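Welcome! Here is a short guided look at a structure that may be new to you. Take a moment to turn it around before reading on.

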There are 4 protein chains.
Amino acid sequence: MRTGIWLIGARGSVAVTSIVGAAALRARLVAPTGCVTELPQLRGPALPGWSELVFGGHDIVTTPVLKKADALAAAGVLPGRLVVALADELAAVEQELRPLPAGDTQAATARRISADLRGFRDRNALDRVVVVNVSTTEPAAAPHPAHAGLAELTAALAGPAPVLPPSALAAYAAFTAGCSFIDFTPSTGARLPALAELARARAVPYAGNDGKTGETLVKSVLAPMFALRNLRVRSWSGLNLLGGGDGANLADPAANAAKVSSKQRVLGDALGYQPEGTSRIDYVAEIGDFKTAWDLITFEGFLGTGMRMEFSWHGCDSALAAPLVLDLARLTAAAHRAGRSGPLAELGFFFKDPLGDGPSALAEQWATLAAFTAGLAS
Amino acid sequence: MRTGIWLIGARGSVAVTSIVGAAALRARLVAPTGCVTELPQLRGPALPGWSELVFGGHDIVTTPVLKKADALAAAGVLPGRLVVALADELAAVEQELRPLPAGDTQAATARRISADLRGFRDRNALDRVVVVNVSTTEPAAAPHPAHAGLAELTAALAGPAPVLPPSALAAYAAFTAGCSFIDFTPSTGARLPALAELARARAVPYAGNDGKTGETLVKSVLAPMFALRNLRVRSWSGLNLLGGGDGANLADPAANAAKVSSKQRVLGDALGYQPEGTSRIDYVAEIGDFKTAWDLITFEGFLGTGMRMEFSWHGCDSALAAPLVLDLARLTAAAHRAGRSGPLAELGFFFKDPLGDGPSALAEQWATLAAFTAGLAS
Amino acid sequence: MRTGIWLIGARGSVAVTSIVGAAALRARLVAPTGCVTELPQLRGPALPGWSELVFGGHDIVTTPVLKKADALAAAGVLPGRLVVALADELAAVEQELRPLPAGDTQAATARRISADLRGFRDRNALDRVVVVNVSTTEPAAAPHPAHAGLAELTAALAGPAPVLPPSALAAYAAFTAGCSFIDFTPSTGARLPALAELARARAVPYAGNDGKTGETLVKSVLAPMFALRNLRVRSWSGLNLLGGGDGANLADPAANAAKVSSKQRVLGDALGYQPEGTSRIDYVAEIGDFKTAWDLITFEGFLGTGMRMEFSWHGCDSALAAPLVLDLARLTAAAHRAGRSGPLAELGFFFKDPLGDGPSALAEQWATLAAFTAGLAS
Amino acid sequence: MRTGIWLIGARGSVAVTSIVGAAALRARLVAPTGCVTELPQLRGPALPGWSELVFGGHDIVTTPVLKKADALAAAGVLPGRLVVALADELAAVEQELRPLPAGDTQAATARRISADLRGFRDRNALDRVVVVNVSTTEPAAAPHPAHAGLAELTAALAGPAPVLPPSALAAYAAFTAGCSFIDFTPSTGARLPALAELARARAVPYAGNDGKTGETLVKSVLAPMFALRNLRVRSWSGLNLLGGGDGANLADPAANAAKVSSKQRVLGDALGYQPEGTSRIDYVAEIGDFKTAWDLITFEGFLGTGMRMEFSWHGCDSALAAPLVLDLARLTAAAHRAGRSGPLAELGFFFKDPLGDGPSALAEQWATLAAFTAGLAS
Ligand SMILES: NC(=O)c1ccc[n+]([C@@H]2O[C@H](COP(=O)([O-])OP(=O)(O)OC[C@H]3O[C@@H](n4cnc5c(N)ncnc54)[C@H](O)[C@@H]3O)[C@@H](O)[C@H]2O)c1
Ligand SMILES: NC(=O)c1ccc[n+]([C@@H]2O[C@H](COP(=O)([O-])OP(=O)(O)OC[C@H]3O[C@@H](n4cnc5c(N)ncnc54)[C@H](O)[C@@H]3O)[C@@H](O)[C@H]2O)c1
Ligand SMILES: NC(=O)c1ccc[n+]([C@@H]2O[C@H](COP(=O)([O-])OP(=O)(O)OC[C@H]3O[C@@H](n4cnc5c(N)ncnc54)[C@H](O)[C@@H]3O)[C@@H](O)[C@H]2O)c1
Ligand SMILES: NC(=O)c1ccc[n+]([C@@H]2O[C@H](COP(=O)([O-])OP(=O)(O)OC[C@H]3O[C@@H](n4cnc5c(N)ncnc54)[C@H](O)[C@@H]3O)[C@@H](O)[C@H]2O)c1
Ligand code: NA
Ligand code: NA
């Protein structure tokens, strides 16, 4: 199954780490560490192989993929030797990247995005294409009446005023072109009734939101631990320090708010109540891609005794995210082939703020995912 | 179902916290925080109620329960107001405590222990009695040929030389008296072929070993997290600082070794390989019952990128252990009534080093426990 | 030397801990742990003895001292047995507390404050009185032309509009009554040219600002360590989590800003440059008086190698502050007697944001303090 | 002043980082971050310049300097670009390295070592040579009567049995050849009465022991902080996790014991009492040169309130040590020229376990060092 992965934000850190990594896996230069779909419980012929993946994408900047890969190597995100060894493959991907189109109306823009997607599919003889949003996190979008239904939306898009934030326009264009869509960011993406309608109409699946890579991943196993032991969490406070492009953007209060709220949600879900405390994000340029998160949890045990736990997480965000992007693309393509459409709630394992009403504890999300993947194989 | 809980080490911190806590729960002075059997998924009429529990026990020291409870209150382990309010209940338990008997042979000692258990059962009109070992951790026991079968063991116990460590002798006496047995410590307890044979013969269940209350509990959720994300743990090192009676004993190298090995086992089980690193225990008198554990985990992600996580756990050991002692006693009594005998592998959720071949990840242990408990109710 | 300590905010946590502590020291119920003036290098007859201290103060709430002391004991800030043993002494202090006066103009208010101070001094036959501001931190005050000189200020105070924030009005009234003044908070206090003029005119000394008790104390030794080793600090970020009255107030953005800026100043001073990063304060009610601060420092060593340090500080703020309040009062009273007036820059050891141009490294501040104290004795 | 630096252990991590760093400083490829002698308070013409330093040394392995430098670059200890740029300089140093000589008696070995030192000095027209021990830490040496005086030692060295551990033999040979000596390790080095006698006789200075680079450096500022605030440290426990050659050696219990005892000494010195707790060192190969140390400090404040502090230090040991090796060599050469001989107690700033009776607080050690350096200039 030749599968296209079209990256929105294709010249960013997560995107380029994904591109280099997929090429390295195809060339058997590395082990698939961090790839969930390579675990014995999930791997199998239902998923496209590493050599069946083809990359393309949109971005609003023009930094060459090779240059970005070099910068990531200098920052310790990936080994420089891979960039040298895979220069030809990266040059080939470069040929499939396009500037984000802009039309007079959002309808026109969407048509051009769809055209880019179809061109990519045809040029590369792809069975199907998965569009993955790994672009800059947007501020929370303003509500608009046209979000409520597909007919209203179609009408409004033809007008002069913008109706959809870029992530939702990308989902619209993807669905229109018969592509599935994954939102790896906390942006709006496909989360509008009008887009759900469109996805059903075109019989395409979608998944999201916001890849779960660091502090929230840890929360998704620690919070259930407290719950299963009937220990009462009194407060849970955190600070995330990060630089890089994502960090710079999150220094913007509006983007920050979107991200922070998706970071505490897991606590309420797993515990059944919302403990005191907030999770902050601060931009510290010098920390770059190696985010440090610190969390303090105070909790109450038997007879009211107070106790505490602290953790520090020092993770490379792009290295944590990239294999999940590949996993998600493989799973979504396979689901598409298997005839699944609409929201893939079974992929909650990968997200901070999953679509649908699935479990929030990582172990339960895993069980759901394993069953889902087994279903695709049959 | 009137249920006796006979504590070996009945004047120690875990025992007295359990005794105070059960009385407080019966008197509805506290919420059952930390009691797993009070979670909606487990609670139910199959388990003995708080007012059906009666305490007794053996110890080798004579500190009054009330005095120990006062000391625990002064150390912040439990609220002093409970000790005041429950003074009468504690005095009643005091009447049921006995010095650990000693006979000329281990057979004679075991007979006296069994006699104490039968007396306790009769005096209090108990349906059944659960013996729980919460005494000082023993050094690893020397192997002995008589451990291999019940006939050999019975013969050897009648001889002048000691054959069994105290924890195993307690299990022997418990089984002989028709009582179930729980080993909350890493000591030998019931883990000998001869004792397994005896338990089957008497149709009594048993469970163990070593209550999972702190650092190992956290490991049992974090190690699966790394495994499910296909992240490779390179090293996992830890230091546990604790005072109190348990800490003082663990300063002894032999006891320390027994404990340390049960603390790293979960990693190999959950990860499928044993990462570098050890978990140390140091005695620091001034830290008392509020243990501090620190762990450093280094791991490898996509394309070989190295990352790290640290956590500090600052927990009150006795407050974490006591509700589990109550949970285990309730569950084991119910299993006994339901006709279960032999090792209760389904109680692995509670132990660092569980009997049988169950899962090591906390979430899977939970699922197993929930199914087991549901089975008891039907 | 009978010395009065008049506390602005006399019913708050720091104030009541100081009052209980001084009484306990006088009664020889405790050792002077945390009292710098009891170190061999500083102690001596130049300082008023514990039995020579008399307490009074203003507050805007009416919670009895005894009740507040009980609450502090329940929160673990001080031992309940002291409150019981010192009930009579606390009742005596209660008699010397007054509601904060309010007049038609700020001049009238100041007159009443001064009258309270004189009454306290006369009633108790005190040699001198030190006024200590331990009230709620104010938002940064609006500048006003009348702050520039004493004549202008005197004129403006007689007008209907408020000219001074409460902390500065307290300093004004203290100086007018011939009392020295200490600002333990980051509020304006005596830091206005007009008040400096008044202090010189009345020949009274003053000191401030903002007691250095936790994270900033640690910074004042760690930042010099990096500087002396010629290691370049790249970023220094911190999060302070605290509850209690002080925490609740600091949840207010304006008060928070005042505090945060006094917390990072030490870095620029000690390092000679301002590293990236901020120090945040978050209110977490459940954490109460036991503040937890976490700091991450990234730094660069030889040949550009990047390294990092983290620390967590888990301190009881009032227990750290109270002995310093007593130290400061003893030292300021002695300085007053020795004829010192104006800002006591030599007391920088005690403050986050000291008056004058003294050193910011703790060790140098200590040397300065020791020399100053020795000078008072001669 | 042309100054030779003769490294015992010249092919190890600290040695090679020092060699690369000095060459990079001479070539002005890097800033002197981490070099204390480049701070404004210390730098000056009394010290040899970067272009006046010439390197040679002994080792027992034959790994080429260039190969070791490459390995250090791969491990992130130093930038690979420096190794490329300085290949010629490293090749020149390679010419000055010699295998550690071995004679029939220790006297014969010492003669050969001295001959190597004289050859190095003559060949390179050096004004003076500083011998620096950066070789593997030895187990604590067995006492021997001949250590007590120079005459006895001279006689014993001529006998067949070894009398001195290698570090002390190196000091003996250095002094004999008129060279100064620095022990950067916790080994015996010059710390024997017989060697003190020899140093005085030859009028050469020496310094040591055990470079203070990580956890102990932090202790040397935090312990005084607690002391100056009259806070009582109840316990101080630590764990050091490190790999690399030094780590592998410290896995040996005897070497470990030598190191651990020099790590806790600073606490007793700075506090005036020895708090509970120990500092452990564990070998974790995968952690390599980037040591992680974690310390927990529990302390008592006003009215007995218990509090705590934790820190984690994540430092690159060789990058921290190398600039200090250069600093020590420059200072010792300048002291030698200025006519100083015997132990240089004023260099305590650099050592965990300094010679002589100097202060243990870093700030006081700094003041001593600054005065000492100023004295060399005059
Ligand atoms: N790395 C992680 O662990 C992780 C986890 C969850 C979510 N995310 C999200 O993934 C996204 C990418 O992160 P990153 O670190 O690669 O950020 P980045 O800043 O390196 O890359 C973002 C890229 O998006 C491009 N872009 C911006 N607006 C665009 C638009 N309208 N259309 C197309 N491209 C656009 C930018 O030019 C840039 O190249 C962020 O939204 C981040 O919040 C990352
Ligand atoms: N608290 C926890 O979190 C936890 C977790 C797992 C296991 N454990 C284990 O539980 C046990 C109890 O811990 P604790 O903190 O109460 O210790 P403790 O020292 O306070 O109590 C142990 C008691 O056992 C008694 N004892 C010793 N030998 C005995 C014997 N042969 N027969 C009868 N009594 C004997 C002692 O006199 C003492 O009263 C320890 O073995 C500990 O390792 C505790
Ligand atoms: N505890 C520490 O470590 C520390 C360190 C530095 C500074 N401080 C400062 O000390 C002050 C006191 O801290 P706390 O924890 O005792 O706070 P708190 O809230 O317990 O006490 C403050 C008291 O001031 C009173 N008050 C408020 N406005 C007043 C006014 N205008 N006049 C008189 N009284 C007034 C309040 O009613 C309250 O009783 C705060 O400003 C805090 O920022 C504390
Ligand atoms: N790096 C630091 O922060 C630091 C701090 C204090 C002390 N030290 C000490 O510095 C020393 C060097 O550390 P490293 O990390 O470079 O270790 P390393 O293992 O990399 O280097 C030691 C070198 O000494 C050589 N050697 C061993 N025995 C010898 C002998 N008898 N004569 C000559 N050479 C010999 C070894 O072959 C090796 O090349 C260690 O003793 C260490 O404890 C290091
Ligand atoms: Na910590
Ligand atoms: Na930490």
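The report below goes through a sheet, the helices that pack on it, and a metal site.

## A sheet built from two chains

Please keep in mind that this is a predicted model. A good place to begin is an open sheet of 8 strands with mixed pairing, whose order is S8(A)-S7(A)-S9(A)-S10(A)-S10(B)-S9(B)-S7(B)-S8(B). At its edges lie strand S8 (279-283) of chain A and strand S8 (279-283) of chain B, and each of them pairs on one side only. On average, neighbouring strands of this sheet are turned by 10° against each other, direction ignored.

Within chain A, strands S7 (residues 232-242) and S9 (residues 290-300) run antiparallel and are joined by 9 bridges. Here you can find A:Leu241 opposite A:Thr292 in S9(A).

## Helices on the sheet

Helix H12 (residues 317-337) of chain A packs on the sheet, where it touches S7, S9 and S10 (306-316) of chain A as well as S10 (306-316) of chain B. The direction of this helix makes about 80° with that of S10(A).

Helix H12 (residues 317-337) of chain B packs on the sheet too, touching S7 (232-242), S9 (290-300) and S10 of chain B together with S10 of chain A. Its direction makes about 80° with that of S10(B).

## A sodium site between chains

Which residues coordinate the sodium ion (ligand 5)? They are A:Glu310 (OE) and D:Glu310 (OE), at 2.7 to 2.8 Å. This pair crosses between chains, from strand S10 of chain A to strand S10 (residues 306-316) of chain D. Both A:Glu310 and D:Glu310 are buried. The sodium ion (ligand 6) is 3.0 Å from the sodium ion (ligand 5).

Methods: Residues numbered from 1 in each chain as written. Chains lettered and ligands numbered in written order. Predicted model: local features only at pLDDT ≥ 70, side-chain atom pairs only at ≥ 80, totals over all residues. Heavy atoms only, no water. Pairing = 2+ DSSP bridges. Helix = DSSP H or I, 4+ residues; strand = E, 2+ residues; numbered from the N terminus. Axes fitted to C-alpha atoms, helices over the stretch in contact; angles between N-to-C directions. Contact = heavy atoms within 4.5 Å. Donors = N, O, S within 2.8 Å, 3.2 Å for Na, K, Ca; no water. Buried < 20%, exposed > 50% of the residue type's maximum accessible area, 1.4 Å probe, protein only.
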